[in-house]
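Me: Could you take me on a close look at one part of this model, and then show me how the rest is arranged around it? I am in my first year, so please go step by step.

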Amino acid sequence: MPLINCIFAETRNMQRLNGVEVAKTIKEQLKEKVSELQKEGKRVPHLAAIIVGNDGASMTYVNSKENDCKQVGFNSTVMRFEESTSEETLLSTIEQINSNSEIDGLIVQLPLPKHISELKVTQKISPEKDVDGFHTVSLGKLLKGEDTFIPATPYGILMMLEQYNIETSGKHCVVVGRSNIVGRPMSVLMSQNTPYGNCTVTLCHSRTRNLEHYVQQADIVVAALGKPGFIKGSMLKKGAIVIDVGITRVEDSANPKGYVLKGDVDFDDASTVASAITPVPGGVGPLTRIGLLKNTFKSYQNTNN
Ligand code: NDP
C-alpha cells in the first residue's frame, strides 16, 4: 500500500477519546442520584471554592466548577478574596468551612499569591473535605492504596480509561511530569493492583536523560509537562494510547480570545501513530471537573450514610 494510504488508514482507525461525551454521561448519572436525594427530601452535596486574586484562567476554572455543580444539582459557594488578603484570613475561613456540616467539599484554587503558603493552605483543609486530594493525608492514603479522594485529573484519566474499556494490565505506562497533582499520583495509580492499574510504570521529568527512549517503549503515554506540542509522533510506539493532560494558552491573534489552548502532544502528528488519543481541549479537562464532582459526592456519602 502506498505510504499516504497507509497513513490515512491508520488515522481512520485512531480513536479520539472524547472527554466531553464521557463527562456528559457521568454528569447525567450524578444528576439522577441528586434528584433521588431531592425526592427523599434530603440535603444535596455542597462544594465550596475559594479564589484569591483576579487571575483570568483561575476565574474561568472556578466559574466552570460552579456551573458543573449547578448542572448536576449540587449546591456551590464561591468565596472570592482580594489579591492582598492575608494568609491568616484565608486559614480562618478554611477553618470555618471545615466545621460547617452543610459543606461537603472545599477547594482552594491554585496558584495563590506569593505571600500565602500553598502548603499551609492545602494542609489546613480537613482531609474529610479535601475533594481536590492535595492534602498529605489524601496523598499518603493514595500511595498505600487506601480509600481516599483521588486528585481530580488522575481520577478523570482513570474514568476515561474505564469508559473506553482500555486494557492496562501488564502494559508499560510512561508518565511525563512528576507534579504532586498530576504526574506523581498518576504514576502510583497506574502501578496499583486495580482494574485500571497493573501497569509497569516509568515516571519521567525534566532531568530524565533520553526521554524519547522511554516514551518510545510506552503502550500508554500520559503527558503532563506543560510544554505545548512536545510529544511528536516520531517519539511514540505504533498503536500507543496517548493521554494528553497539558493545557497551555498559546497566543493566537486570529482567535477572538487572543489565544488557543494547546496540549503537550502534537495531536495531528501523534494521531498518525497512536491507536487512541485525547484531544485538547475536550479530552482530560472535562473529566478533571467530573473528578471533582465525584469526590464531592463521595464526601457527602461518607458523612450521610
Ligand atoms: P508542573 O509544572 O507542576 O509539572 C510539570 C512537570 O513536567 C514537572 O515534573 C517537570 O519536571 C516536568 N517537565 C517539564 N519540562 C519537561 C521536559 N522538557 N521533559 C520532561 N519533563 C518535563 O505542571 P502540572 O503537573 O501542574 O501540569 C502539567 C500540565 O497539565 C500543564 O499544562 C497544566 O496546565 C495541565 N493541567 C491540566 C489539567 C487538566 O484538567 N487537563 C489539570 C492540571 C494541569 P521537574 O519536576 O523536573 O521540574
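**A loop residue and its surroundings**

Reply: Let's start at Asn198, whose relative accessible area is 29%, so it counts as partly exposed, a class that runs from 20% to 50%. Please keep in mind that this is a predicted model. You will find Asn198 in the loop that links α8 (183–191) to β6 (200–204). Its backbone deserves a look too: phi of Asn198 is near 60°, a positive value in a residue that is not glycine. That stands out because most residues other than glycine have a negative phi.

Now follow the chain past β6, into the loop that leads to α9 (211–215), and you meet Asn210. Here phi is about 55°, again positive in a residue that is not a glycine. Is Asn210 buried or exposed? With a relative accessible area of 52%, Asn210 is exposed, since the cut-off for that word is over 50%.

Two other loops hold another backbone feature. As background, most peptide bonds are trans. The bond joining Leu110 and Pro111, however, is cis, with omega about 5°, and Pro111 belongs to the loop between β4 (105–108) and α5 (118–124). A cis bond also runs from Val280 to Pro281, where omega is near 0°. Pro281 is in the loop between β11 (276–277) and α11.

Helix α11 is a good guide to the ligand. It gives three residues to the shell around the ligand, the most of any contributor. In total, 21 residues surround the ligand, and the closest are Arg178, Ser179, Ser206, Ile247 and Thr288. Two of these serines are worth zooming in on. An N or O atom in the side chain of Ser179 is 2.6 Å from an oxygen atom of the ligand, and for the side chain of Ser206 the distance to a ligand oxygen is 2.5 Å. Val245 takes part through its backbone: one of its polar backbone atoms is 3.2 Å from a nitrogen atom of the ligand. On its own the ligand has 930 Å² of accessible area, and the protein covers 70% of that.

Next, turn to the nonpolar interior. The largest nonpolar core has 50 residues, and Ile157, Met190, Val222 and Ile243 touch the most other members. Helix α11 (residues 284–304) appears here again, giving the most to this core with seven residues. The core lies between domain 1 (42–126) and domain 2 (151–284), because both of them give residues to it. The centres of these two domains, taken over C-alpha atoms, are 28 Å apart.

To see the packing at one spot, pick Ile243. Apart from neighbours within four places in sequence, Ile243 is in contact with Leu17, Ile157, Leu161, Val221, Val222, Ala223, Thr278 and Val284. A second, separate core has 19 residues, including Met14, Ala223, Leu236 and Ala270.

Let's end our tour at Tyr164, in the loop between α7 (152–163) and β5 (172–176). Tyr164 is partly exposed, with a relative accessible area of 22%. Leaving out neighbours within four places in sequence, Tyr164 is in contact with Gln15, Arg16, Leu17, Asn18 and Val22. Tyr164 and Leu261, by comparison, are 97 residues apart in sequence, and their C-alpha atoms are 24 Å apart in space.

Conventions:
Residues numbered from 1 in each chain as written. Predicted model: local features only at pLDDT ≥ 70, side-chain atom pairs only at ≥ 80, totals over all residues. Heavy atoms only, no water. Core = buried A, V, L, I, M, F, W, Y, C linked by side-chain atoms within 4.5 Å. Buried < 20%, exposed > 50% of the residue type's maximum accessible area, 1.4 Å probe, protein only. Helix = DSSP H or I, 4+ residues; strand = E, 2+ residues; numbered from the N terminus. Domains from an automatic or database assignment. Contact = heavy atoms within 4.5 Å. Near = heavy atom within 4 Å. Polar contact = N/O pair within 3.5 Å; in protein donor to acceptor, adjacent residues only side chain to side chain. Areas by Shrake-Rupley, 256 points an atom, 1.4 Å probe, with all protein chains shown as cover.
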